[in-house]
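This report describes a set of computed features, arranged by topic. The sequence and structure are shown first.

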4 protein chains.
Amino acid sequence: MVWADQMAERDADKDGRKQRASARRSHRRGQILAASRKVFSVKGYHACSVAEIIAEARVARGTFYLYFPSKRALFEELLEQMFSQIAGAVRRITVDGGLDPALEQMYGNVQRVIEVLVGNRDLTIILLREAVGLDADFDHKLNVFYDRLSDIIDSALQLGQSMGLVRECDTRLVSHCVLGSVKEAMLRALTGEAARDTDELARGILDYNLRGVFKV
Amino acid sequence: MVWADQMAERDADKDGRKQRASARRSHRRGQILAASRKVFSVKGYHACSVAEIIAEARVARGTFYLYFPSKRALFEELLEQMFSQIAGAVRRITVDGGLDPALEQMYGNVQRVIEVLVGNRDLTIILLREAVGLDADFDHKLNVFYDRLSDIIDSALQLGQSMGLVRECDTRLVSHCVLGSVKEAMLRALTGEAARDTDELARGILDYNLRGVFKV
Amino acid sequence: MVWADQMAERDADKDGRKQRASARRSHRRGQILAASRKVFSVKGYHACSVAEIIAEARVARGTFYLYFPSKRALFEELLEQMFSQIAGAVRRITVDGGLDPALEQMYGNVQRVIEVLVGNRDLTIILLREAVGLDADFDHKLNVFYDRLSDIIDSALQLGQSMGLVRECDTRLVSHCVLGSVKEAMLRALTGEAARDTDELARGILDYNLRGVFKV
Amino acid sequence: MVWADQMAERDADKDGRKQRASARRSHRRGQILAASRKVFSVKGYHACSVAEIIAEARVARGTFYLYFPSKRALFEELLEQMFSQIAGAVRRITVDGGLDPALEQMYGNVQRVIEVLVGNRDLTIILLREAVGLDADFDHKLNVFYDRLSDIIDSALQLGQSMGLVRECDTRLVSHCVLGSVKEAMLRALTGEAARDTDELARGILDYNLRGVFKV
DNA sequence: TATGAATGAGTCTTCATTCAT
DNA sequence: CATGAATGAAGACTCATTCAT
């Protein structure tokens, strides 16, 4: 074997090792992330200690801090995941073509969000139940997130108004109402014992938001 | 002054002292209750220590435990207060006379609740933000409370349906939506910097819930 | 009524008041003393709080400190009572006449002590069980007391030796043994459910101490 | 070095580390146990705080709770040690051969017990002075222990009676006397400044118990 | 990289004692 | 004298984080 080959092989080795190491690395992270998701969703942030997380993850105490700087940071990352997934599911309503797409787009948004929430039951419960009250800084992050969501809703409403679809109203206030109705309905749907059909949920929530409870 | 008079006077004295003592007693309770309401609403249950409460209340550590068996019990009492006030503001819709009273009754409920919430800003924030995640037992209490509210809404919806006022829908789901919309809207209204007009809020929230966002 | 008579009457009044006051005073003390004796003997010094004592005595908190400078001082006084009673029951053996009086004197001592112990069951239990371990200062007092008792026993033994009644032995060591045997036997007798006959106890303990367990 | 060897070595390493860790672990326990033994024997259970124990043990607060669930549990373990050592030193008297072994066996028991007590001076002082009055549950344990000892003495006495060695007497009462005499004599011997010869002590105590104080 | 023993700041709670009425 | 509300020092215990191996 010539020199160059040896080098090449060594590099390959190194890469392999790195990849393996990296895979192991992310594996560890995943272990911890998954375990914490499970534990947090059952007992809540405050009621669950690092000890419980590492026990569930079958990882040593030190290892935990090898991958996460603190319990709080881990929690933040967990929620960050949710943020991006939900954010990814929501798309701004556009009016650049198609027939009556606005409504369909809204429905799509609602359904996609619900799917994300249902698909990440544990994370959703965490997000909806107690992602609040950790400290001022954290609360701020959460507010920003919900503000973003509510902004999207707000602008959709305004768009609807300009299109003559949405009635006269305080869109700011109504966007909060919309957000709240989705949050509560979903939390109930996820924590209730009976599993609900995603589509039905989406349809029910959307109907409520569009038409209210009145007959006419 | 004869013996009987002296006794009577002494008794009066004693009663007077007792009354004053009792007044002081409840005053202290009030001090602590108020201080904790303030502190909890700013920093949250977990982030605030007994030390902070007694500092705010300007009361000694021992005094705290003279009036409340534990930090947790104090918190529970705070929420219990809210529970009863809100519950007291909500009245079941009745149909035993009057013209179109149902709608007015709903409006009255919404407005009264909002008034209670606005009038107890700190408590409301505590209730809406983090009265959750303390422990299983406490969560249960909260759930029971919200269930009761949502039950009241539910039966109002069913009544409305039987009267032909409310459209066909999953009243259970919709009651959660209604509850959620009120919770979120109120939390935003109370934590936002701009104070909002109670009446306007009530009207906006009610409109949203009755008619949805659609024009027609 | 003439002046002198009035004065006399006033003085009598004053005395009467003083006496009554003093009687009340000692009455209060007695109340507290009795209550604490009861409570201490059941739960022990550390396990019983001032709150329990005043509850049992039906006396206000402040009143307690009107009669006793501290919980600890009260306890000391309780034991002091025991000390003097026991000390009063023990008399030095004398040889100044009578036939074989020494033995009878010993028996008398043992029986009188036992009577005191039995007659003050609560105090005895307190004294024998946990009058130890409060703090160095207190332990010292207790040691002094027991040393005095054991000294009395010691000198009785030495006297017995000089009279040819008591065998050759380390009287110091034996005096401790004697003391210990009485303490343990009495504690068992008093805390055991079956009440024992005082005379029988005295006889049994004395026999044991004089003749040991051996037949010959 | 082949793979299997590497693995073996790694395992050996791991084992080695574990063993060392375990050694360290028990070392820490020992440190704390020793420190508490010292502190407790001087100041007593109640008068000594966890702070003092960890100061003496030169260990952090958390470390204490790493090895013992509570101050009380530590204390219990300390006494448990004594229990088993003393219990191990006492053997039932048997009559299945040898010449006059019963007496020698008794002497052996007494001496072995005394050796244990002397060899664990601190623990003995703790046991004899204030292993009482902590709480009902603990007192019970202690009573059970002493009952066991006194039972052993009792049955030895009964055996002695059946063999014609021990005189007619209430063996129950006498067994308490014997126990008490040993307790008191040992406590005095251990807390007195002058160290005493074990053998002399044993002989003195045994003589006292067998023959009493009388000459004949 | 992985481990888990060690750390100590921080928390809640108790209770003997004081003092204004 | 009597009261009991108020005090605050002191205690036991927890748990997120660090670090030597």
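## Symmetry of chains C and D

Gly212(D) is the residue of chain D that comes closest to the rotation axis, its C-alpha lying at 1.9 Å. Chain D is superposed on chain C by a rotation of 179 degrees with 0.0 Å of shift along the axis, at an RMSD of 0.3 Å; the fit is by least squares on the C-alpha atoms of residues with pLDDT of at least 70 in both copies. The two copies are thus related as by a two-fold rotation axis. Because 100% of the interface residues of chain D are also interface residues in chain C, the copies meet through the same surface.

## Basis of the model

The model is predicted: local features need pLDDT of at least 70 and side-chain atom pairs count only at pLDDT 80 or more, whereas totals for chains, interfaces and linings use all residues. Residues are numbered from 1 along each chain as its sequence is written, while chains are lettered from A and ligands numbered from 1 in the order in which they are written.

## Nonpolar cores

The largest nonpolar core (buried Ala, Val, Leu, Ile, Met, Phe, Trp, Tyr and Cys residues joined through C-beta atoms within 7 Å) has 95 residues. A residue is buried if 20 or more other C-beta atoms, placed from the backbone, lie within 10 Å of its own. Ile53(C), Met186(C), Ile205(C), Met186(D) and Ile205(D) have the most contacts inside this core. Its largest share, 11 residues, comes from helix α8 (residues 171-191) of chain D, helices being DSSP runs (H or I) of at least four residues, numbered from the N terminus.

Leaving aside residues up to four places away in sequence, Ile205(D) touches Cys177(C) as well as Val110(D), Ser181(D), Val182(D) and Ala185(D); contact requires C-beta atoms, placed from the backbone, within 7 Å. A second, separate core of 94 residues includes Val182(A), Leu117(B), Leu127(B) and Ile153(B).

## Surroundings of the DNA strands

DNA strand E is surrounded by 36 residues, each with its C-beta atom, placed from the backbone, within 6 Å of the strand. The closest are Ala60(A), Gly62(A), Gly62(B), Ala60(D) and Gly62(D). This surface has 14 nonpolar, 10 polar and 12 charged residues (Ala, Val, Leu, Ile, Met, Phe, Trp, Tyr, Cys and Pro count as nonpolar, Asp, Glu, Lys and Arg as charged, and the others, Gly among them, as polar).

Around DNA strand F there are 37 residues, of which Ala60(B), Gly62(B), Ala60(C), Gly62(C) and Gly62(D) come nearest. The surface near strand F divides into 14 nonpolar, 10 polar and 13 charged residues.

Technical notes. A residue is buried if 20 or more other C-beta atoms lie within 10 Å of its own, exposed if 12 or fewer, and partly exposed in between; C-beta atoms are placed from the backbone. Helices (H or I, at least four residues) and strands (E, at least two) are DSSP runs, numbered from the N terminus. Two residues are in contact if their C-beta atoms, placed from the backbone, lie within 7 Å.
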